[in-house]
Amino acid sequence: MFEASEVPLGEGRAKSVDPDLTIAVFHLDDGFFAIDDTCSHAQASLSEGEVVGHVVICPRHGGRFDLRTGKPAGLPATGKVASFPVQVDSGSILVDWEG
Ligand code: FES
């Protein structure tokens, strides 16, 4: 999906994998995490949000999501976003979004 080198530490990057799904991959101190890029509150791109610890702050209204689970971690976000398993293989980030 991405090369690991394309996602700087402390940031996120997004890529569309399906007409209805854009995935955001975040690079944290303890690895890479993937969630649905579209905020559950009003559809902002979460990959553009600031990362604090394991939480991303939505750039539109400041809703927060736990990057490990996709669960909301601060208002006005109340709905979960999907989270996806990630593996890194030979420098490539592999995201299993099809289950
Ligand atoms: S669009 Fe993300 S908190 Fe409103």
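Let's start with V25 and its surroundings in this predicted model. Setting aside the residues within four places of it in sequence, V25 is in contact with M1, F2, V7, G12, R13, F32, A34, I93 and V95. That list reaches into β4, which spans residues 31-36, and into β11, which spans 92-95.

These contacts lead naturally to the nonpolar core. The largest one has 20 residues, and V25 is among those with the most contacts inside it, together with A24, F26, A34, I35, L46 and F65. Three strands, β3, β4 and β11, each supply at least two residues of this core. The general background will be familiar to you: in soluble globular proteins, nonpolar side chains tend to be buried together.

Now step back to the sheet around β3. Four strands form an open sheet, arranged in the order β2-β3-β4-β9, with antiparallel pairing. Because β2 (12-18) and β9 (83-84) stand at the edges and each has a single partner strand, one side of each is left without a neighbour in the sheet.

It is worth following β3, residues 21-28, across to each of its partners. On one side, six bridges join β3 to β2, and the two strands run antiparallel. You can pick out individual pairs here: S16 has T22 as its bridge partner in β3, while D18 is bridged to L21. The connection from β2 to β3 is a hairpin, made through two residues.

Turning to β4, you will find another antiparallel pairing with β3, again over six bridges. One of the pairs to look for is L28, whose bridge partner in β4 is G31. Here too the strands form a hairpin, with two residues between β3 and β4.

Finally, follow the chain past β4. Where does Q43 lie? Q43 sits in the loop between β4 and β5, the latter covering residues 50-52. Is Q43 buried or exposed? Q43 is exposed, because 11 other C-beta atoms lie within 10 Å of its own, and a residue counts as exposed when that number is 12 or fewer. For a sense of where this loop residue stands relative to our starting point, compare Q43 with V25: they are 18 residues apart along the chain, and their C-alpha atoms are separated by 17 Å. So the walk ends with an exposed residue in a loop, having begun at V25, one of the residues with the most contacts inside the largest nonpolar core.

Methods: Residues numbered from 1 in each chain as written. Predicted model: local features only at pLDDT ≥ 70, side-chain atom pairs only at ≥ 80, totals over all residues. Pairing = 2+ DSSP bridges. Core = buried A, V, L, I, M, F, W, Y, C linked by C-beta atoms within 7 Å. Contact = placed C-beta atoms within 7 Å.
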